[in-house]
Amino acid sequence: MRAQDSATGTRTIAVTATGDSGTAHGVRAGRAPTAGIHPGDATPRSATLPTGATVPTGAANPAGAAEAGDAAAAGDTTGSRTDPLPRGTLLAGLGVAAFSLTFPSTVWGLESFGPWSLVAVRSTLAALVAGAFLLVGRVPLPERRHWAGLAVVAGGVVIGFPLLTTLALQTSTTSHAAVVVGLLPLTTAAFAAVRTGRRPSRTFWLAAVSGAVVVIVFTLQQSGGAVSRGDLYLFGALLVCAAGYTEGGRLARLMPGWQVIGWALILCLPMMAAGSAVALTVEPVRLNAHGVIGLVWVAVGSTFFGLYVWYRGMAAIGVPKASQLQLAQPLLTLLWSVLLLGETLPLAAPIAAVAVLVCIAVTQRAKS
């Protein structure tokens, strides 16, 4: 009887909270299995048993066994928010690869659509794709406290950046615009430092600023020492996009990345649908293969898929470190501009791109 009593005695399971409160809760085996998950928490809670302890199975303690299973599942969910560095870097890098095709695809899209039509239609198509995913997944509406952040994401990466860069590409070459946007990593890191309070190391900032200086020198050299109207559009795009990236990266730690961009797109859908109807009647439409391919890519590839993996990557390795991976985007876009658009690169373009690529290696090794 003593052995039996010892085997069935009450034991404590430590449940670690990873939600907004950041507090820890303790529950006893055999109590209600819902104690590990509290309504309103951003994420489920995971349970950890003391070393060598086991939860009895079978009829002796079904509630405790169920609780252990629920906690294990919760641990898996929480683990997806704290991806190891290689996976987070891979996701963010995949987003950069998708973004690198945005400018060439925009140039193709402009062969068939006017700038206002292209921006409005791309956002509308991306929102319809996102809406389908949200409906199929039966995703509930975000909490009220997240809508302000989603509005920043929508204004920055769904409307502001696409519109300003599309206007810039009417007068600037793809290669020129790509290198100017090389300032985006530094801008995003600065926004993140202000928004989240995280302070990267001096080495990180030194490498980030060095990459930005290279971009500025290249821009002035290519424009004859003056800033063009296209450059003003691009600099405006940097600011709104950095704000959208920073806020999206923060929200991606609280909800899946595809839901962040999905709800931001849905938020813009009424305005973008109305804008599409008006712009398509005002601007001429000349459909061809390049125009259709370009539209589809900027809508589905860049706006939806690219931002999904990008936000997942930022949530895993942090906004500052992920943002510096985007220093590789100019180099990739320069490659696409030659292969897809037949542009002739000035000698300074690849040199500048390689220089900022070196800065990436330093920022990824530096403490952030």
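**A walk through a predicted helical chain**

Let me begin inside the chain, with Thr188, which is buried at a relative accessible area of 0%. This threonine sits in helix H8, which covers residues 184-196, and, leaving aside residues up to four places away in sequence, Thr188 touches Ala242, Tyr245, Thr246, Val319 and Ser323. Before I go further, please keep in mind that what you have in front of you is a predicted model, and that the values I quote are computed from it.

Let me step back for a moment to the chain as a whole. Its secondary structure comes to 15 helices and three strands, and of the 368 residues in the protein chain, 49% are buried. If we take the contacts in the chain with a separation of 6 or more, residues 24 or more positions apart account for 86% of them.

A second buried threonine is Thr166, with a relative accessible area of 1%, and its place is in helix H6, residues 147-168. Again not counting residues up to four places away in sequence, Thr166 is in touch with Thr106, Leu110, Pro115, Leu118 and Val119.

Thr106 leads us on to the helix pairs, since it is also one of the residues through which helix H4 meets helix H12. How do H4 and H12 pack against each other? Helix H4, residues 102-109, packs with H12 at an angle of about 140°, and the two axes are 7 Å apart. The antiparallel class begins only over 145 degrees, and 140° also lies outside the 65 to 115 range for perpendicular, so H4 and H12 are oblique to each other. In handedness, H4 passes H12 in a left-handed crossing. On the H4 side the residues that meet the partner are Thr102, Ser105, Thr106, Trp108 and Gly109, while H12 brings His290, Gly291, Ile293, Gly294, Leu295, Trp297, Val298 and Ser302. Sorted by class, the residues of this contact are five nonpolar and eight polar, with no charged ones.

I would like to stay with Ile293 of that list, which is found in helix H12. Ile293 counts as partly exposed, at 48% relative accessibility, and although Ile293 and Thr106 are 187 residues apart along the chain, their C-alpha atoms are separated by 9.7 Å.

H12 also has a second partner to look at, namely helix H11. The axes of H11, residues 257-282, and H12, residues 289-317, come within 7 Å and cross at roughly 135°, which makes H11 oblique to H12. Here the crossing is right-handed. From H11 the contact takes in Gly257, Trp258, Val260, Ile261 and Leu265, and from H12 it takes in Thr303, Phe304, Leu307, Tyr308, Tyr311 and Arg312. By class, this contact of H11 with H12 has eight nonpolar residues, two polar ones and one charged one.

Another pair distant in sequence is Gly93 with Gly306, which are 213 residues apart along the chain but 9.7 Å apart in space, C-alpha to C-alpha. Gly93 belongs to helix H3, residues 85-100, and at 31% relative accessibility it counts as partly exposed.

Something similar can be said of Val338, in helix H14, residues 329-341, which is partly exposed with a relative accessible area of 36%. Val338 and Thr174 are 164 residues apart in sequence, and 9.6 Å separates them from C-alpha to C-alpha. Not counting residues up to four places away in sequence, Val338 touches Glu343 and Leu345.

What about the cysteines, and how many disulfides does the structure hold? The structure holds zero disulfides. Among the cysteines, Cys241 is buried, with a relative accessible area of 1%, and Cys268 counts as buried too, at 4% relative accessibility.

I will finish at a loop residue, Arg138, which lies between helix H5, residues 115-136, and H6. Is Arg138 buried or exposed? At 76% relative accessibility, Arg138 counts as exposed, and its backbone has a positive phi of about 50° although this residue is not a glycine.

Notes: Residues numbered from 1 in each chain as written. Predicted model: local features only at pLDDT ≥ 70, side-chain atom pairs only at ≥ 80, totals over all residues. Heavy atoms only, no water. Axes fitted to C-alpha atoms, helices over the stretch in contact; angles between N-to-C directions. Helix = DSSP H or I, 4+ residues; strand = E, 2+ residues; numbered from the N terminus. Parallel < 35°, antiparallel > 145°, perpendicular 65-115°, else oblique. Left-handed = near helix turned anticlockwise from the far one by under 90°. Contact = heavy atoms within 4.5 Å. Nonpolar A, V, L, I, M, F, W, Y, C, P; charged D, E, K, R; others polar. Disulfide = S-S within 2.5 Å. Buried < 20%, exposed > 50% of the residue type's maximum accessible area, 1.4 Å probe, protein only.
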